[in-house]
Amino acid sequence: MINGKKVLFSGMQATGNLTLGNYLGALKNWVTLSDEYECFYSVVDMHSITIRQDPATLRQRARKLLTIYIAAGLDPKVNCLYYQSHVSGHAELSWILSCFTYMGELNRMTQFKDKAARHGDNINAGLFTYPVLMAADILLYQADVVPVGIDQKQHLELTRDIAERFNNLYGDVFTVPEPYIGKVGAKIMSLQDPSKKMSKSDENPNGSIYLLDDADTVIRKCKKAVTDSEGVILYREEQPGVKNLIDIYSACMGKTPEDVVREFDGRGYGDFKMAVGEAVVSVLKPLQEEVARLESDKAFVDLIIRENAEKASYHAAKTLRKVQKKVGFPVRIP
Ligand code: TRP
């Protein structure tokens, strides 16, 4: 508990450009959570270097992501928005927790297996211990809840196992986090292959709408979206492409899928795709304007970065000192 509120932690990687899927599925919903929870939203740049990155690009994207957090409506005075690499406690706790995590557990992580297969030339130890760093992120702030997508569920389960193992040995040190089950965001699929999630790392740029795509690009991608030959706008599994477009339109317009089906009854795919494109633009345009405004106010963003890193470090240090003491490290002489 911080300030009488439960604690919520989540993070995003600054690798690749954020997509409409990241926004509608996660970020947009984060904004509503700060009334109920004390929220920590990290730009997890330390996780990013498990895959080789160009340093200048990583730095630029991390800054962009933090700016997008603010532009999306996360108030930086209320939510703690910070870079993981600015708080040394993440690395320190990660080391300790790695001594309480088994090789066998990490070997079972499906994301590790996937990534190792995709990056065969760079299967580094960090890629393997990635879930331990993620556990440290969460446990460092004694988070009660963690909103994560399905692809991160296994990592959260492992986090709970590590926390419980540690608590069994040393008493109640860590809050055991729960996955956040609330109003879940829309799950947005690729525009080119509606069986796949819309992804930052899609090789086909037409599959994803990026948050910073301009209006023409958004409209063009929507027009090219894969549909089917049914010719009717219905919300059902047999028409995954149309269903995805309905999800996008309803999330952007704040309508239910049923409303959308009614609204477009008897209309053609061409009209509908155009309307989807316009709906997306109506959401992205104000967000992009706010990103541009924040980018021109460097001093303000710098101040946010500094203050929030201090706030995060303060809470991180509290947990870290407790853990260091429990495992037997000598106490610091003040
Ligand atoms: N691994 C997460 C992802 O790629 C990002 C992440 C890192 C995270 N640490 C976290 C998410 C802690 C939730 C909580 O999506």
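Let's start with a serine contact: a polar atom in the side chain of S208 sits 2.9 Å from the backbone oxygen of S199. Bear in mind, here and throughout, that this is a predicted model. S208 belongs to the loop that runs between β5 (178-179) and α9 (215-223). Buried or exposed, this S208? Its relative accessible area is 0%, so S208 is buried.

Okay, on to the strands. β1 covers residues 6-12, and F9 is in it. Five of the seven residues of β1 are buried, so the strand is largely enclosed by the rest of the structure. F9 itself comes out at 3% relative accessibility; buried means under 20%, so F9 counts as buried. If you're looking at the model, find V145 as well. F9 and V145 are 136 residues apart in sequence, yet their C-alpha atoms are 6.7 Å apart in space.

What does β1 pair with? That would be β2, in the parallel sense, over seven bridges. To pick out one of the pairings, take M12, whose bridge partner in β2 is V43. Then β2, residues 37-43, carries on to β3: those two strands also run parallel, joined by four bridges. There, S42 has Y82 of β3 as its bridge partner.

Stay on β3 for a second, residues 80-83. Which way do the side chains go? C80 and Y82 point one way, L81 and Y83 point the other way, and all of them are buried.

Now the ligand. 13 residues surround the ligand, and the closest are F9, Y130, M134, D137 and Q152. So here's F9 again, the buried one from β1, at 3%. Which side chains put polar atoms by the ligand? Let me go through three contacts. In the side chain of D137, an N or O atom is 2.6 Å from a nitrogen atom of the ligand. For Q152, an N or O atom in the side chain is 3.1 Å from a ligand nitrogen. And Q13 has a polar side-chain atom 3.5 Å from an oxygen atom of the ligand.

Next, empty space. Rolling a probe the size of a water molecule over the atoms shows where empty space is left. How many cavities of 30 Å³ or more does the structure hold? Two. The largest cavity has about 40 Å³ of space in it. Its lining is made up of Q111, F112, K115, L127, Y130, P131 and H155. Two elements, α6 (110-118) and α7 (125-140), each give two or more residues to that lining. Sorted by class, you get four nonpolar residues, two polar and one charged. And yes, Y130 has come up already: it's among the residues closest to the ligand, and here it is lining the largest cavity.

The second largest cavity holds about 30 Å³. Around it you'll find S190, L191, P194, A225, V226, G241, N244 and L245. By class that lining is five nonpolar and three polar, with no charged residues.

There's a pocket to show you too. The second largest pocket has about 210 Å³ of space. It is lined by 14 residues, and the closest to its centre are G16, N17, R61, K64 and L212. For the chemistry of that lining, count seven nonpolar, five polar and two charged residues.

Last bit: a couple of backbone angles to click on. N3 is in the segment before β1. Phi of N3 is near 50°, which is positive, and the residue isn't a glycine. With a relative accessible area of 68%, N3 is exposed. The other one is Q142, again a residue other than glycine with a positive phi, near 55°. Where is Q142? In the loop between α7 and β4 (145-146). Is Q142 buried or exposed? Its relative accessibility is 15%, and the cut-off for buried is under 20%, so Q142 counts as buried.

To wrap up, if you take away one place to look in the model, make it the ligand site: F9, Y130, M134, D137 and Q152 are the closest residues, and the D137 side chain comes to 2.6 Å from a ligand nitrogen. After that, have a look at the buried S208, with its side chain 2.9 Å from the backbone oxygen of S199. That's all from me.

Note on methods. Residues are numbered from 1 along each chain as its sequence is written. This is a predicted model: local features need pLDDT of at least 70, side-chain atom pairs count only at pLDDT 80 or more; totals for chains, interfaces and linings use all residues. Side-chain values use heavy atoms; hydrogens and water are left out. On a 1 Å grid over the protein atoms alone, a cavity is a set of points where a 1.4 Å probe fits but cannot get out, and a pocket is an open set with protein on both sides within 12 Å along at least five of seven lines; lining residues have an atom within 4 Å of a point. Grid points are joined across faces, edges and corners, and a volume is the space filled by probe spheres set on the points. Ala, Val, Leu, Ile, Met, Phe, Trp, Tyr, Cys and Pro count as nonpolar, Asp, Glu, Lys and Arg as charged, and the others, Gly among them, as polar. Buried means under 20% relative accessible area, exposed over 50%, partly exposed in between (1.4 Å probe, protein chains only). Two strands pair if DSSP finds at least two bridges between them. A residue is near a molecule or strand if one of its heavy atoms lies within 4 Å of it. A polar contact is a pair of N or O atoms within 3.5 Å; within protein, one must be able to donate a hydrogen and the other to accept it, and residues adjacent in sequence count only if both atoms are side-chain atoms.
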